[in-house]
Each structure stands twice: as structure tokens, then as C-alpha cells.
Amino acid sequence: SVAALRRAVLNHFPQGTETTDPEGGVVIWVRLPDQISGRRLRDVALGAGISIAPGDVFSAADGYRDCIRLGWGGVWNDRAERAVMTLGELCRSLVA
């Protein structure tokens with residue numbers, strides 16, 4: 001569920017990460033800490049077999065560079081939790 005996705009992001013991503021709390025749908029927006037580039041995180045995530053959408057692809061004005069969009073429409077399971085945990089570790093590595 002999207003609620004489980006949101007909880008996992010807040011548990012596994014570095015301090016300062018913010019998420020939207022949607023009332024419906026299957027997508028959350030994540031604002032990354034310390035001006036981490038969504039595109040940079042996407043690049044390292046692809047190397048780990050995880051696909052994410054960097055926020056700036058949704059802006060004609062080159063905005064949302066420090067955001068990513070994540071979606072989850074399936075049943076939440078251990079595999080999904082591990083993917084978010086890995087994504088959080090990759091994000092923390094970009095802060096260091």
C-alpha cells in the first residue's frame with residue numbers, strides 16, 4: 001500500500017527526507033535531503049535494479065530537482081521493503 005511505502009521511506013531514508021501523504025492513488029512524492037539530485041539517485045538506483053522517477057521530469061520549469069516520485073500498486077511485501085531500504089542506503093551514500 002502507499003501508506004506502507006511512505007512509512008518505509010521515512011524509516012529507511014536519511015534524516016531530512018520528506019514525503020507527501022496522499023489521500024488516494026498509488027504515488028508519493030519524496031523530497032530528498034541536502035539538495036540530493038533526484039536524477040543522481042535515479043542513476044545509482046538503476047545500477048541496483050531499482051527504477052524511480054526523478055522529480056524534474058515532471059516540471060517544464062526545471063523544478064523538483066531534489067524530489068523523486070515513487071509508486072506502489074501491489075501488495076506490500078518483504079521484497080518491496082528491501083527495495084526501499086536499498087534505495088535509502090543509496091540515498092545516504094549520496095549525502096556522505
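Two strands are said to pair if DSSP finds at least two bridges between them. In this predicted model, strands β2 and β4 meet that condition, since they pair in the antiparallel sense over 5 bridges. Within this pairing, W29 stands opposite R69 in β4, and the bridge partner of I28 in β4 is L70.

Further pairings involve the remaining strands. Strand β1, residues 18–19, is joined to β2 by 2 bridges, and the two strands run antiparallel. In this pairing T19 stands opposite V30 in β2. Strands β3 and β4 also run antiparallel and are joined by 2 bridges, with P54 standing opposite I68 in β4. Strand β2 is thus paired with β4 and with β1, while β4 is paired with β2 and with β3.

The two faces of β2 can be told apart by their accessibility. In a regular strand the side chains alternate between the two faces of the sheet. The covered face of β2 holds I28 and V30, whereas V27, W29 and R31 belong to the uncovered one. I28, on the covered face, has L70 of β4 as its bridge partner; V30, also on the covered face, has T19 opposite. For W29, on the uncovered face, the relative accessible area is 27%. W29 is classed as partly exposed because this value lies between the limits of 20% for buried and 50% for exposed residues.

Aromatic contacts were examined next. A search of the whole structure finds 3 aromatic pairs. A pair of aromatic rings is described by the distance of the centres and the angle of the planes. In the pair formed by W29 and Y64, the centres are 5.9 Å apart and the planes stand at 40°, an arrangement classed as tilted. This pair links distant parts of the chain, as W29 lies in strand β2 (residues 27–31) and Y64 in the loop between β3 (53–54) and β4 (67–71), 35 residues apart. Y64 is partly exposed, with a relative accessibility of 46%. The pair W72 and W76 is edge-to-face, with 5.6 Å from centre to centre and 80° between the planes. The angle exceeds 60 degrees, and the pair is therefore counted as edge-to-face rather than tilted. Both tryptophans are partly exposed, W72 at a relative accessible area of 26% and W76 at 22%. Beyond the individual pairs, W29, F58 and Y64 form one aromatic cluster.

The loop between β3 and β4, in which Y64 is found, also shows features of the backbone. Y64 has a positive phi of about 60° although it is not a glycine. D62 is found in the loop between β3 and β4 as well. D62, likewise not a glycine, has a positive phi of about 65°. With a relative accessible area of 43%, D62 counts as partly exposed.

The largest pocket was then considered. Its volume is about 350 Å³. Among the 16 residues lining this pocket, I50, S51, G71, W72 and A83 are the closest to its centre. The elements β4 and α3 each give two or more residues to the lining, and the largest share, 5 residues, comes from α3. By residue class, the lining of the largest pocket comprises 11 nonpolar, 3 polar and 2 charged residues. W72 therefore has two roles in this description, as a member of the edge-to-face pair with W76 and as one of the residues closest to the centre of the largest pocket.

Helix α3 spans residues 78–95 and includes M85. The relative accessibility of M85 is 33%, and the residue is accordingly partly exposed. M85 and F13 are 72 residues apart along the chain, yet their C-alpha atoms are separated by 7.5 Å.

Technical notes
Residues numbered from 1 in each chain as written. Predicted model: local features only at pLDDT ≥ 70, side-chain atom pairs only at ≥ 80, totals over all residues. Heavy atoms only, no water. Helix = DSSP H or I, 4+ residues; strand = E, 2+ residues; numbered from the N terminus. Buried < 20%, exposed > 50% of the residue type's maximum accessible area, 1.4 Å probe, protein only. Phe/Tyr/Trp six-rings, centres within 6.5 Å; stacked < 30°, edge-to-face > 60°. 1 Å grid on protein atoms, 1.4 Å probe; cavity = no way out; pocket = protein on both sides within 12 Å on 5 of 7 lines; lining within 4 Å. Points joined across faces, edges and corners; volume = space filled by probe spheres on them. Nonpolar A, V, L, I, M, F, W, Y, C, P; charged D, E, K, R; others polar.
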